Amino acid sequence: MIRVRVRCGPGGVELTAQGHAGYAPAGQDIVCAAVSSVLYTLAGLLDANGELEAFAQGEGSTRIAARGERGTKSVARAAEILQGLAEQWPECLRVEETAFE
């Protein structure tokens, strides 16, 4: 299962994704491909708009941090899209949102 966590605070927002969907074998997993597409598009948009604070990727994990009002809104919209995917494939994806100080 992929677990996406979105943490919002006064200075910005952070999105982390960890795990594997497990819908199909590696290289054939449409849920993983959909999540990856959303995350790469988000990172590209934030970078193009000067709102990307951090981007890190490892085996089965991604971290995106954004600053500013537009950056926060972009991450929130991406989280909504991911939540829609989670509703389609609840056994493969979970999205959680929390606040931080």
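**Figure 1. Lysine 73 and glutamate 69 pair up along helix H2 in this predicted model.** Lysine 73 makes a salt bridge with glutamate 69, and their closest N and O atoms sit 3.2 Å apart. A salt bridge here is a side-chain nitrogen of Lys or Arg within 4 Å of a carboxyl oxygen of Asp or Glu. Both residues belong to helix H2, four residues apart, about one turn of the helix. Helices (H or I, at least four residues) and strands (E, at least two) are DSSP runs, numbered from the N terminus. Lysine 73 counts as exposed because its relative accessibility is 52%, and glutamate 69 counts as exposed at 58%. For these labels, buried means under 20% relative accessible area, exposed over 50%, and partly exposed in between (1.4 Å probe, protein chains only). Elsewhere in the structure, Arg7, Glu14 and Arg63 are joined into one network by salt bridges that share partners.

A word on conventions: this is a predicted model, so local features need pLDDT of at least 70 and side-chain atom pairs count only at pLDDT 80 or more, while totals for chains, interfaces and linings use all residues. Residues are numbered from 1 along each chain as its sequence is written, and side-chain values use heavy atoms, with hydrogens and water left out.

**Figure 2. Arginine 7 meets glutamate 14.** The two side chains form a salt bridge at 3.5 Å, N to O. Arginine 7 has 37% relative accessibility, so it counts as partly exposed. Glutamate 14 comes in at 19%, so it counts as buried.

**Figure 3. Glutamate 51 reaches arginine 70.** In this salt bridge the closest N and O atoms are 2.8 Å apart. The pair ties together distant parts of the chain, 19 residues apart: glutamate 51 is in the loop between helix H1 (30-48) and strand S3 (52-58), and arginine 70 is in helix H2 (residues 68-88). Is each partner buried or exposed? Glutamate 51 counts as buried because its relative accessibility is 7%, whereas arginine 70 counts as exposed because its value is 51%.

**Figure 4. Around arginine 70 in helix H2.** Which residues does arginine 70 touch once its neighbours within four places in sequence are set aside? Asn49 and Glu51 are the ones in contact with arginine 70, contact meaning heavy atoms within 4.5 Å. Glycine 50 is 20 residues from arginine 70 in sequence, and their C-alpha atoms are 10.0 Å apart in space.

**Figure 5. Glycine 50 in the loop between H1 and S3.** With a relative accessible area of 44%, glycine 50 is partly exposed. Now follow the chain back to aspartate 29: the two residues are 21 residues apart along the chain, and 32 Å separates their C-alpha atoms.

**Figure 6. Arginine 3 in strand S1.** Strand S1 spans residues 2-9 and contains arginine 3. Its relative accessibility of 32% is why arginine 3 counts as partly exposed. Beyond its neighbours within four places in sequence, arginine 3 is in contact with Thr16, Ala17, Gln18 and Arg94. Arginine 3 and alanine 21 are 18 residues apart in sequence, with 8.9 Å between their C-alpha atoms.

**Figure 7. Zooming out: the fold behind the close-ups.** The protein has two helices and five strands, and from the N terminus on they run β-β-α-β-β-α-β. Along the principal axes, the C-alpha atoms fill a box of roughly 40 × 25 × 20 Å. A compact globule of 101 residues would have a radius of gyration near 13 Å, and the protein agrees, with 13 Å; the radius is taken over C-alpha atoms, and the globule rule is 2.2 Å times the number of residues to the power 0.38. Of the contacts with a separation of 6 or more, 54% are between residues 24 or more positions apart.

**Figure 8. Surface and charge.** Buried residues make up 36% of the 101 residues. About 5,800 Å² is exposed, with carbon and sulfur atoms supplying 51% of it; areas come from the Shrake-Rupley method with a 1.4 Å probe, and for residues only the protein chains shown count as cover. How many side chains carry each charge? There are 9 positive and 13 negative side chains, and the centres of the two sets lie 3 Å apart. Lys and Arg count as positive, Asp and Glu as negative, while His and the chain ends are not counted; each charge is placed at NZ of Lys, CZ of Arg, CG of Asp or CD of Glu. The structure holds six salt bridges.
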